[in-house]
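I opened this entry to keep a record of what I looked up, going from one charged site to the chain as a whole.

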Amino acid sequence: MGWMKPKRRVIVTGSGDGTLQLWDGSTGEPAGSQLFGQRGAVLAMALGQLADGRDAIVVGGFDTGGSIGIWDASTGARIGKAVTTGSRPVLGVALGRAAGRDVIVSVDDALIVWTRQTQSD
């Protein structure tokens, strides 16, 4: 999955061991260390910007149930806690904004919309 910002191109990859890696899209080199925190396989990713201006990676996957996590794309730090969505893996995620709030949409066996207030990480 790729993402382009003015003067910066970022590519993110996810793996079966739950890790993420940011890559410099211009050079093909890793951009920092691997990110950890997903307990199971990474099955879905979305890149975007949060309402507070931070570039973010939203990750959906499967551990003991479906889960969603958010990472700061610039620092690699996890934003908030992972959210368990149910017993099925999360197969798709999207990041957007509505009414000044961050909205994360996940797809497992149903469509779920999560809202995250920007003040409470």
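Is R54 buried, partly exposed or exposed, going by its relative accessibility? I looked this up in a model that is predicted, and I noted that R54 counts as partly exposed because its relative accessibility is 23%, where the class of buried residues ends at 20%.

**Entry: the salt bridge.** I searched the whole structure for salt bridges and found one. For R54 I noted that its side chain meets that of D52 in a salt bridge, with 2.8 Å from N to O. I then looked up the partner, and D52 is partly exposed, because its relative accessible area is 37%.

**Entry: a buried acid beside R54.** I turned next to D72, which I located in strand 6, covering residues 66-72. Which side chain of opposite charge is nearest to D72? I found that it is R54, at 4.4 Å, and that D72 is buried yet has no salt bridge. The distance does not qualify, because a salt bridge needs the side-chain nitrogen and the carboxyl oxygen to be within 4 Å. I also wanted to know what the side chain of D72 does reach, and I noted the backbone nitrogen of T75 at 3.1 Å. Setting aside the neighbours within four places in sequence, I listed R54, D55, A77 and I79 as the residues in contact with D72. R54 therefore appears twice in my notes, as the salt-bridge partner of D52 and as a contact of D72 without a salt bridge to that residue.

**Entry: a nonpolar patch.** I then looked at the surface, where L43, F62 and L91 form a nonpolar patch with about 270 Å² of accessible area together. Of these residues I followed up L43, which lies in strand 4, covering residues 41-49. L43 counts as partly exposed because its relative accessibility is 40%, and a residue needs over 30% to be taken into a patch.

**Entry: the chain as a whole.** I closed with the protein chain, in which I counted zero helices and ten strands, so that the pattern read along the sequence is β throughout, β-β-β-β-β-β-β-β-β-β. Of the 121 residues in the protein chain, 39% are buried, and D72 is one of the buried residues. For contacts with a separation of 6 or more, I noted that 36% join residues 24 or more positions apart. The accessible surface of the protein chain comes to about 6,400 Å², and carbon and sulfur atoms hold 54% of that surface.

Conventions. Residues numbered from 1 in each chain as written. Predicted model: local features only at pLDDT ≥ 70, side-chain atom pairs only at ≥ 80, totals over all residues. Heavy atoms only, no water. Patch = residues over 30% accessible without salt bridge, like charges linked within 9 Å, V, L, I, M, F, W, Y side chains within 5 Å. Areas by Shrake-Rupley, 256 points an atom, 1.4 Å probe, with all protein chains shown as cover. Helix = DSSP H or I, 4+ residues; strand = E, 2+ residues; numbered from the N terminus. Buried < 20%, exposed > 50% of the residue type's maximum accessible area, 1.4 Å probe, protein only. Lys, Arg positive; Asp, Glu negative; His and termini not counted. Polar contact = N/O pair within 3.5 Å; in protein donor to acceptor, adjacent residues only side chain to side chain. Contact = heavy atoms within 4.5 Å.
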